[in-house]
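Open the model in your viewer and keep the selection tool at hand. This tour moves from stop to stop, with a short note at each one.

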There are 2 protein chains.
Amino acid sequence: MTYGTKPRIVIVGAGFGGLAVAQGLGRAALDITLIDRQNHHLFQPLLYQVATAGLSPADIAWPVRHLMRRQANTRVLMGEVQAVDPLRKVIMLAGGPVAYDFLVLATGASHGYFGREEWAAHAPGLKTLDDATAIRRRLLLAFERAEMASNPAEAARLLTVVIVGGGPTGVELAGAVAELARRALVRDFRVIDPRQTRVLLVEAGPRLLANFPEELSRYTQHALERLGVEVRLGRAVTHCDAGGVRLGEEAVRAGTVLWAAGVTASPAAHWLGVAPDRAGRVQVTPDLRAPGLEDIWVIGDTALARNPDGATQPGIAPVAKQQGAFVARAIEARLAGRAPPSQFVYRDRGLLATIGRKAAVIAYKSLRLKGWPAWWLWGAAHVYFLVSLRNRLIVVTQWLWSYALFERGARLITGAGASGVRSGPPEPPDG
Amino acid sequence: MTYGTKPRIVIVGAGFGGLAVAQGLGRAALDITLIDRQNHHLFQPLLYQVATAGLSPADIAWPVRHLMRRQANTRVLMGEVQAVDPLRKVIMLAGGPVAYDFLVLATGASHGYFGREEWAAHAPGLKTLDDATAIRRRLLLAFERAEMASNPAEAARLLTVVIVGGGPTGVELAGAVAELARRALVRDFRVIDPRQTRVLLVEAGPRLLANFPEELSRYTQHALERLGVEVRLGRAVTHCDAGGVRLGEEAVRAGTVLWAAGVTASPAAHWLGVAPDRAGRVQVTPDLRAPGLEDIWVIGDTALARNPDGATQPGIAPVAKQQGAFVARAIEARLAGRAPPSQFVYRDRGLLATIGRKAAVIAYKSLRLKGWPAWWLWGAAHVYFLVSLRNRLIVVTQWLWSYALFERGARLITGAGASGVRSGPPEPPDG
């Protein structure tokens, strides 16, 4: 290869995967361009706590260019990919083209509705900070509206929350919503009793946390039921509108429906003109390249990667991070004229999910942890992986405060529709 | 008065004034209804720090119903007043009517554009949390766009911030924007140098901080100029559009224009059918009642109240708080059959404004403080007045962090238009 200047590496996506590539190449003599639609890297594992008013957006997000400020070989651009031209080796952003020698696509996934995209308006999913503040607004407004509802049936509907999908996000949301209603809000209302809130967790498969060992799925279900969550297994949502959901025969009238079921990969496969799998992912080679494209790697939630034994690598942060580090090594080897590693193998870092106060589950190799030891370990691990010391201090402060006093610090209704509540007269004119 | 049940006090607005009324009546045998458009009480004096990425929204706001949770005689409603009927003693919310025996209007003010409301789209003001996150988005996006700008003139325009209005909000914004650009962002960009950011503070009057003693106005101007802010006195904005502003003959091309000039009171005068002053305020009686209306008080930024010497009471938090406490005492006296106090007198609590790191001004009676002693006192006073210990801990953590490391913790671009930057090609296809 001959370059006019240094080799140009373009990384699209500043999530766990993209960031790991950039950091892995931090000292190399390269021109790295790191592109993201947002200006911030997001610590997605704690996003459900923003949605349920426990943490603030800034507690779990950092400006990408601030994270890269000391890495002189990297520039950061805020932009959105519109197309990739593998022949000319150029990606198109809204603002214009960016040329690359090596390209890494780490563009993640968003929620999918199995072809029923019209449900998105009624059942928002949780992937971005704006999703989280929108869900927080919906949840908190439902309580405000219930307090002013003109009849008990409407209040009961408003106090029903349906969470669709029994994976980690669904479990974490269900536990956090139940605790919000039963603990943090208890004394704040005069007409309604927030403890009457009905939380349903709907899962189409036979058990919660399908990726976890069965005993932990059973524990999770019992722990959620102790919190008052109704768990419905083997039930799929067949209809969804502004009034609630339908689960086959059963109609559930609900004020809030949250979607944690389907995931659709970013359009990376479409950009590259390769065949996606059912979830829209690029089916990558063992060394994480797009099939047939020598200089393009695809990692994280937008890739379908397999271990040598055929097992699919799960869509979690440790996989994306290890893949990113692998791609950085592969690029360095290519540039040095060495043979790049031929197979990425995911080294299991365990599976974690939290259910609520003093309840979590951890599966790591043959280890099974549940209850409060798992909860404390979950908390410690998440604080440890937060990107900066400043955020660790603030998150720990918020957590200890909530732990001691059962309060939630970020119960703000902001954004579109924040001002004014439009349903139900508060009382007759002459009481 | 004969009541079927307890006397009904309706308070509209949960700012400093409305909250003080409710808290002053906390133990009385009354039915209090506290109504606000938002679900939160906002500590407005620190709002400019949210707009400039120093603090998070939840650090300076608390759910109103959480603040009232232990006050059993008070219910909280989220809603917006549409009309008041003083004859039937009823206020109309979107959801229906609410009857009162005594009514307190503490509905505040919003920014006014002197009849040029079309400027609002180009020059947002700062009154709510959504205003603050929208301004933060505009400021941070301007830097992102400048980094990708196709020519230096456009980059220079994007790096120009005009702040209109030299009162405390304008001064605080100008200082905070200058420090954001010159300190917090310095290392984060590769193409632009954020220190080149031009910050203009435009004031139509002859000096900054017109309410303060002249020597503090002079100090403030010098301190801002040391930070690199260009102060333009005696200059009014004559035109404003997406490209910038015009100050009479001088055209200033700017990427961000912020409005801290005009204030318009809420429509309380219109609801009551009384004549407002030029700023839309209700001209209240010496005991803070609406003229001619026995059972309606108007306080805070939506009232024009005067001390016995004729001096107008300023639109600041201590005035609203003292007025609220006065109204609570007046209502208690009326209900007990005692003569209510006939004249509210504002006891001066001083004027404070902060300029930047280690620079603030304080005027309290004959005392004049400036520089770092004023700055430390300003910080201590603001932390002291934050409503909860939790927020004090978090704000102090953020401030100490910023103080030591010059970083800003909440540099998030969120909300409408957050994803994607649409101006200027980043580079030619083959660099």
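A crossing of two helices is right-handed if the near helix is turned clockwise from the far one by less than a right angle, and left-handed if anticlockwise. Keep that in mind for the first stop. One caution before starting: this is a predicted model.

**Stop 1: helix 1 and helix 9 of chain A**

Select helix 1 of chain A, residues 16–24. Then add helix 9 of chain A, residues 317–336. Look along the line from one helix to the other. The crossing of this pair in chain A is right-handed. The two axes come within 7 Å and cross at roughly 30°.

Now show the residues that touch. From helix 1 of chain A, they are A:Phe16, A:Gly17, A:Gly18, A:Leu19, A:Ala20, A:Val21 and A:Gly24. From helix 9 of chain A, they are A:Ala317, A:Ala320, A:Lys321, A:Gln323, A:Gly324, A:Ala325, A:Val327, A:Ala328 and A:Arg329. Colour this contact by class: 9 residues are nonpolar, 5 are polar and 2 are charged.

Stay on helix 1 of chain A. How many of its 9 residues are buried? The count is 7, and the helix is mostly covered. The buried residues are A:Phe16, A:Gly17, A:Gly18, A:Leu19, A:Ala20, A:Val21 and A:Ala22.

**Stop 2: A:Gly15**

Step back to A:Gly15, in the loop between strand 1 (8–12) and helix 1 of chain A. Is A:Gly15 buried or exposed? A:Gly15 counts as buried because it has 25 C-beta neighbours inside 10 Å, and 20 are enough for that label.

Select its contacts next. Leaving aside neighbours within four places in sequence, A:Gly15 meets A:His41, A:Ala106, A:Gly108, A:Gly300 and A:Ala320. A:Ala320 is a residue you have already shown, as part of the contact between helix 1 and helix 9 of chain A.

Try a distance too. Pick the C-alpha atoms of A:Gly15 and A:Arg411: they are separated by 27 Å. Along the chain these residues are 396 apart.

**Stop 3: A:Asn307**

Go to A:Asn307, in the loop between strand 21 (303–304) and helix 9 of chain A. A:Asn307 is partly exposed, because 15 other C-beta atoms lie within 10 Å. What does A:Asn307 touch, not counting residues up to four places away in sequence? Select A:Gln313, A:Val345 and A:Tyr346. Then pick A:Gln343. Its C-alpha atom is 8.4 Å from that of A:Asn307, with the two residues 36 apart along the chain.

**Stop 4: two positive phi angles**

Select A:Ala53, in the loop between helix 2 (47–51) and strand 4 (61–63) of chain A. Phi of A:Ala53 is near 70°, a positive value in a residue other than glycine. A:Ala53 counts as buried because it has 28 C-beta neighbours inside 10 Å.

Now jump to A:Lys365. This residue lies in the loop between strand 23 (359–364) and strand 24 (367–370) of chain A. Phi of A:Lys365 is also positive, near 50°, and this residue too is not a glycine. A:Lys365 is exposed, because it has 8 other C-beta atoms within 10 Å.

**Stop 5: the whole of chain A**

Zoom out. Chain A has 11 helices and 24 strands. Its C-alpha trace spans about 85 × 50 × 45 Å along the principal axes. The radius of gyration is 23 Å, which agrees with the value near 22 Å for a compact globule of 431 residues. Buried residues make up 53% of the chain. Among contacts with a separation of 6 or more, 64% join residues 24 or more positions apart.

**Stop 6: confidence**

Colour chain A by pLDDT. The mean is 91, and 95% of the residues reach 70 or more. Which residues of chain A stay under 50? Select residues 417–431. The model has 47 contacts for them beyond four places in sequence. Where pLDDT is low, the predicted coordinates should not be read in detail. For the complex, the predictor gives an ipTM of 0.88 and a pTM of 0.91.

**Last stop: chain B**

Select helix 1 (residues 16–24) and helix 9 (residues 317–336) of chain B. Their axes come within 7 Å and cross at roughly 30°. This crossing is right-handed. By class, the contact has 9 nonpolar, 5 polar and 2 charged residues.

Terms used
Residues numbered from 1 in each chain as written. Chains lettered and ligands numbered in written order. Predicted model: local features only at pLDDT ≥ 70, side-chain atom pairs only at ≥ 80, totals over all residues. Axes fitted to C-alpha atoms, helices over the stretch in contact; angles between N-to-C directions. Helix = DSSP H or I, 4+ residues; strand = E, 2+ residues; numbered from the N terminus. Nonpolar A, V, L, I, M, F, W, Y, C, P; charged D, E, K, R; others polar. pLDDT = per-residue confidence, 0-100. Contact = placed C-beta atoms within 7 Å. Rg over C-alpha atoms; globule rule 2.2 N^0.38 Å. Buried ≥ 20, exposed ≤ 12 C-beta atoms within 10 Å, placed from the backbone.
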